[in-house]
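Student: I would like a close look at a single part of this model. Please take one strand and follow its surroundings outward.

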Amino acid sequence: MDVTYPPEPWHLTGHCLIGVFLVPAAAAPAPPLPTGARTLTVFGRTIVATAFFVYERPSPLTYNEIMSTTVSVRRLLPFVSIPFIQVDSPASRAGGRELWAIPKELNRFAVRRLAEYTAKAVGT
């Protein structure tokens, strides 16, 4: 099944909710990391951010996304890793994977616009 998506860059418009947590390192999601990199821990805890995005017009794609990120370091330089990301758009999934190697997966979301966000069957 061929899925088309717009060329990069994607200038996205929308809104999001973000939460940042200190999670015990043993319970934190483990992202794939490049050689020489490690997940940053602070007193045995990993910095984990979760985000819920709603991309709306005039974005080239309109879709919903949920993700978690961890802060990692390589050669003392911090960067963000994405161990978990799901979207409700096949085009966003395909473009994210092919253009930027972001491991997006498909899911369905129940979103109440501008009020609250609910993601079901996502996991813990």
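To set the scene, how many helices and how many strands does the chain have? Then please concentrate on β5 and say what surrounds that strand.

Tutor: The chain has one helix and nine strands. This is a predicted model. Along the sequence the order is β-β-β-β-β-β-α-β-β-β. Confidence first. The mean pLDDT of the chain is 88, and 89% of the residues reach at least 70. Among the elements, strand β7 (residues 105-106) has the highest mean pLDDT, 96. Strand β9 (residues 116-118) has the lowest, 56.

Now β5 itself. The strand covers residues 63-74. Of its 12 residues, 10 are buried, so β5 is largely enclosed by the rest of the structure. Buried here means under 20% relative accessible area. For the chain, buried residues make up 32% of the 124 residues.

Next, the strand partners. β5 pairs with β2, β4 and β6. Take β2 to begin with. Strand β2 spans residues 37-39 and pairs with β5 in the antiparallel sense, over three bridges. Within this pairing, Thr39 has Ser72 of β5 as its bridge partner.

Then β4, residues 45-56. β4 and β5 run antiparallel and are joined by eight bridges. Thr50 has its bridge partner in β5 too, at Ser68. The two strands form a hairpin, with six residues between them. Pro58 sits in this loop between β4 and β5. The peptide bond from Arg57 to Pro58 is cis, with omega about 15°.

On to β6, residues 77-87. β5 and β6 are also antiparallel, and nine bridges link them. One pair to look at is Glu65, which stands opposite Val87 in β6. The strands β5 and β6 form a hairpin with two residues between them. Arg75 lies in that loop. Its phi is positive, about 55°, although Arg75 is not a glycine. The side of the picture changes here: Arg75 is exposed, with a relative accessible area of 69%. So the strand is largely enclosed, whereas Arg75 in the loop after it is exposed.

The helix comes next. α1 covers residues 90-100. Its buried residues are Ala91, Ser92, Ala94, Gly95 and Gly96. These buried residues pack against β5 and β6. An α-helix has 3.6 residues a turn, so residues three or four places apart point the same way. Just after α1, Ala101 takes a positive phi of about 60°.

Ala101 also leads to a pocket. It is one of the residues that line the second largest pocket. That pocket has a volume of about 160 Å³. Its lining includes Pro31, Pro32 and Leu33. Phe79, Val80, Ser81 and Ile82 line the pocket as well. Trp100, Ile102 and Pro103 also belong to the lining, along with Ala101. β6 gives the most to this lining, with four residues. By class, the lining has 10 nonpolar residues, one polar residue and no charged residues. β6 therefore has two roles in this account: it pairs with β5 over nine bridges, and it gives the most to the lining of this pocket, while β5 is the strand that is largely enclosed.

Two backbone features elsewhere deserve a check. Phe43 is found in the loop between β3 (41-42) and β4. Phe43 has a positive phi of about 50°, although it is not a glycine. Phe43 is exposed, with a relative accessible area of 85%. The other feature is a cis peptide bond from Glu8 to Pro9, with omega near 0°. Pro9 is found in the segment before β1 (13-24).

Last, the contacts of the whole chain. Among contacts between residues at least 6 apart in sequence, 52% join residues at least 24 apart.

To return to the strand: β5 has antiparallel pairing with β2 over three bridges, with β4 over eight and with β6 over nine. The buried residues of α1 pack against β5 and β6.

Note on methods: Residues are numbered from 1 along each chain as its sequence is written. This is a predicted model: local features need pLDDT of at least 70, side-chain atom pairs count only at pLDDT 80 or more; totals for chains, interfaces and linings use all residues. Side-chain values use heavy atoms; hydrogens and water are left out. Buried means under 20% relative accessible area, exposed over 50%, partly exposed in between (1.4 Å probe, protein chains only). On a 1 Å grid over the protein atoms alone, a cavity is a set of points where a 1.4 Å probe fits but cannot get out, and a pocket is an open set with protein on both sides within 12 Å along at least five of seven lines; lining residues have an atom within 4 Å of a point. Grid points are joined across faces, edges and corners, and a volume is the space filled by probe spheres set on the points. Ala, Val, Leu, Ile, Met, Phe, Trp, Tyr, Cys and Pro count as nonpolar, Asp, Glu, Lys and Arg as charged, and the others, Gly among them, as polar. Two strands pair if DSSP finds at least two bridges between them. pLDDT is the predictor's confidence in each residue, from 0 to 100. Contact means heavy atoms within 4.5 Å.
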